[in-house]
Amino acid sequence: MMSQGILLFIEQRDGVLNRTSYEAMVAAQGIASATGEKLSAVVLGKSIAGVASEVAAKKLEAVHTVEDDKLAEYTSDGYVAASKQVIENLAPRFVILSHTYQVRDFAPKLAAAFGKTFVTDCVGFRGEGDDVVFTRQIFQGKINTDVRVTGTPPIFASFQAGSYRADKVEAGETAAPVTPLEIDLSNVQIRTQAEEKFQEAKQAVDLSQAPLIVAVGRGIKSQENIEIVQKLAEAMGAEIAASRPICDNEWLPMDRQIGSSGQTVSPKLYLAVGISGAIQHVVGMKNAQTIVAINKDAEAPIFDIADYGIVGDLFEIVPALTAEITRVKSGE
Amino acid sequence: MNIVVCLKQVPKKDSILRIGPDQKWIDERDISYEMSEADAYALEEALRQKEKHGGEVIVISLGPERVRQSIKEALAKGADRAIHLHDPIFDTAADAPAIARSLAAALKDEKCDLIFTGLQSDDYGFAQVGLILAEQLGLPSATIVMEVQPEEGAVRVKRELESGWFQWVRLPMPALLTIQSGINQLRYATLKGIMAAKKKEIREVKAADAGLTADDLKPAQVIERAYLPEKTKRTEFIEGKPADAAAKLVEKLRFDARVI
């Protein structure tokens, strides 16, 4: 069978669609118009009719559903086996996913089961004839690369959260047909046993409501030095936050962490001190109204999204800034 | 309990990266290297498991001569022996399937209970090598692991999900786990460890030893061009001595951005 079309994997949990699936759909709709390939989507799980009909309202040719008791709870083994049958059945030229933690857990095995390469965590693409060149970042967002896949289809690619806007999804003129796919998981052995999901310590601090945030990163070097940033935050009346390495070291509590594994914030002002701007951090704060970065490295990716930047030694700049804020405030 | 740890050596975190002359990779001149961060945590977790439950920690790494430095660091920290995939052919293995194929071939005859990798490398960031390796060796896997509890014939692990959620998952051993940064506190090598490491085995594996040819390792994913990302915002850089820069910044934030 000749490989054709684009197959988008929709992620859902307990019948609720993961919004990053729509972001990936924007990319997939773009690839469809660049290549002339037809777009369809597939939803895996149990009791997914609601998600399937929601997806069917978008601009695509078809929505396939795969329902099985073995897919009620996510497992790597179940998803690899089911997805493999879906792809064998539909023979798509492109397989598109959103780069969620769940996709990271099964999709590399899926691509490997076909002996194919997988272009992960893309932030963009461009069409070239009927070919596609993907853009992905290396060195944690410091460098972009244009990547081409050689060899026979399917071409597997996942898109990073936030690289496309979900509200740009094109709606369809009429609802796409929803068709169940027959697959057989009776011989599939699910080797992992998953327990209930849980949240660790109740999030004591809700940073999402803070208008001013001063965040500290690896550049602070040691726990004792956190104090100078704390003083700045106090002078400004801001909440203190941190990038992951700071919380991993327990220099600040986990509930102060911003980024993909922590909180997502959009304050009026985000002042990043000694934060290089690894993508895992940036996804949690890039929607701040005004971003200020203080960093010794002028090439740090945080400056790609900063409105104001000071390149220099934070150990000199932060105390000077605290003094200036205190001076200005006392004058009011 | 025997644990294999896959290590990758990458440019140091604070390296100033420039685009190389072929515009397909970074300029590697003047770069110094270190163990990729998540791999360092994977190694630390393996050493802690060994200290609790006994057994052997074997590290494996693919790359040129310089990689030996990270291998020696792992041995100095307490790993028992090492495998170095060292061959010009391996250096062409530039996508995740090619790297995983090489590791799988070299590990074919190792009897181990667990394989650890970091969740992703700090250079390519594929986040795939471990899982492809698991697929090739037929092992169950769990990613982004924050805690490891071995049980009889099985391992119970705490997986990190998104937005502060977690989940415990039980897998039969042997299994492959990708380890999240920050799962533990990293140790430093002691002088005693460094001395002991000198006597530990580093087995060199050539591509031919692993039954691999250049064709087997040809990447199917090729970087056509590497470049600095375009800025999405125009950053206004504020210069001057610290006190002057601070004063200028505060003025901008008060009167231009009006956020304080």
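Two strands pair if DSSP finds at least two bridges between them, a cut-off worth keeping in mind for the first view of this predicted model.

**View 1. Strand β12 of chain A meets β9 of chain B.** Here we look at strand β12(A), residues 193-199, and β9(B), which run antiparallel and are joined by five bridges. Because two bridges are enough for a pair, β12(A) and β9(B), with their five, count as paired across the two chains. For a place to start, find A:Ala194, whose bridge partner in β9(B) is B:Val169.

**View 2. The contact between chains A and B.** Stepping back from the strands, we see a contact that takes 69 residues from chain A and 65 residues from chain B. On chain B, the elements that each supply at least two residues to the side touching chain A include β9 (165-172), α4 (129-137) and β7 (141-151). Also among them are β12 (221-227), β13 (236-237) and α6 (242-256) of chain B. Which element gives the largest share of this side? That is α6(B), with nine residues. By residue type, the side of chain B that touches chain A holds 40 nonpolar, 13 charged and twelve polar residues.

**View 3. Chain A on its own.** Now for the chain that carries A:Ala194. Chain A contains 17 strands and nine helices, and its C-alpha atoms fill a box of roughly 75 × 45 × 35 Å along the principal axes. Of its 332 residues, 54% count as buried. Among the contacts in chain A with a separation of 6 or more, 66% are between residues 24 or more positions apart.

Note on methods
Residues are numbered from 1 along each chain as its sequence is written. Chains are lettered from A and ligands numbered from 1 in the order in which they are written. This is a predicted model: local features need pLDDT of at least 70, side-chain atom pairs count only at pLDDT 80 or more; totals for chains, interfaces and linings use all residues. Two residues are in contact if their C-beta atoms, placed from the backbone, lie within 7 Å. Helices (H or I, at least four residues) and strands (E, at least two) are DSSP runs, numbered from the N terminus. Ala, Val, Leu, Ile, Met, Phe, Trp, Tyr, Cys and Pro count as nonpolar, Asp, Glu, Lys and Arg as charged, and the others, Gly among them, as polar. A residue is buried if 20 or more other C-beta atoms lie within 10 Å of its own, exposed if 12 or fewer, and partly exposed in between; C-beta atoms are placed from the backbone.
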